[in-house]
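Biologist: I'd like a close look at one part of this protein, the open sheet, and how its surroundings fit in. Could you walk me through that in one go?

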Amino acid sequence: MAIRLENVGIAVRDLEATISFFSDLGLTVLGRDEVSGEWADTAVGLDGNHAKIAVLQTPDGQGQIELFEYIHPDAIETEPTLPNEIGMHRIAFAVDDIDESLAIAARHGCHPLRGVADYQGVYKLTYLRGPSGILVMFAQDLTKS
């Protein structure tokens, strides 16, 4: 059986703000839609499922994220995920310049949880809170600079 990762889905509070954040980091919007109907109820397992969605792709064409903002049922606010919680954890990006990526994130009000770490001179990396509290990791490979 062949299998490949299609995308990572993330429910967000504000679709436009989240698209802006990821677009500024270099992802491209591949498509947008509004989904509802029996097929959406069945696929997702929610009655009356109705959401605005957008699919974004990384510049290398290898990764995609699907963002959805629920219209119905109402979105359920939760506490932001902590790095040590079980379940969906974070979205990670390899970046060429971590300082530039952090400057872009800062323009969206997003800052490192604690700072930028140096992993044995091989990687500089950090976690930050993106839109809707999404944990985002940036990692710069120092062996490629």
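Modeller: Here is a tour of the sheet, followed by the core and one residue within that core. Keep in mind that this is a predicted model. The open sheet has four strands, and reading across it you meet β1, β4, β3 and then β2, with mixed pairing. In general, strands of a sheet pair through backbone hydrogen bonds, either parallel or antiparallel. The edge positions belong to β1 (8-11) and β2 (28-36); each has a single partner strand, so one side of each is left without a neighbour in the sheet. From one strand to the next, the twist averages 20°.

Now zoom in on the β2 edge. β2 and β3 (residues 50-57) run antiparallel and are joined by eight bridges. If you want a spot to click on, try Val35, which sits opposite Ala51 in β3.

Two of the sheet strands also feed the largest nonpolar core: β3 and β4 (64-72) are among the elements that give two or more residues to it, along with α1 (15-24), β5 (91-94), α3 (98-107) and β8 (135-141). That core has 24 residues, and the ones touching the most other members are Phe22, Leu67 and Phe138. Take Phe138: leaving aside residues up to four places away in sequence, its contacts include Leu25, Phe93, Val95, Ile98, Leu102, Ala105, Leu125 and Leu128, but also Ser101, Lys124 and Thr126.

As for annotation, the unreviewed UniProt entry places a feature called "domain: VOC" at residues 4-141. That span is 20% helix and 37% strand, and its end C-alpha atoms are 25 Å apart.

Note on methods:
Residues are numbered from 1 along each chain as its sequence is written. This is a predicted model: local features need pLDDT of at least 70, side-chain atom pairs count only at pLDDT 80 or more; totals for chains, interfaces and linings use all residues. Side-chain values use heavy atoms; hydrogens and water are left out. Two strands pair if DSSP finds at least two bridges between them. Axes are lines fitted to C-alpha atoms, for helices over the stretch in contact, and angles run from 0 to 180 degrees between N-to-C directions. UniProt positions are given in the numbering used here, feature names are shortened, and annotations may be inferred rather than shown by experiment. A nonpolar core is a set of buried Ala, Val, Leu, Ile, Met, Phe, Trp, Tyr and Cys residues joined through side-chain atoms within 4.5 Å. Buried means under 20% relative accessible area, exposed over 50%, partly exposed in between (1.4 Å probe, protein chains only). Contact means heavy atoms within 4.5 Å.
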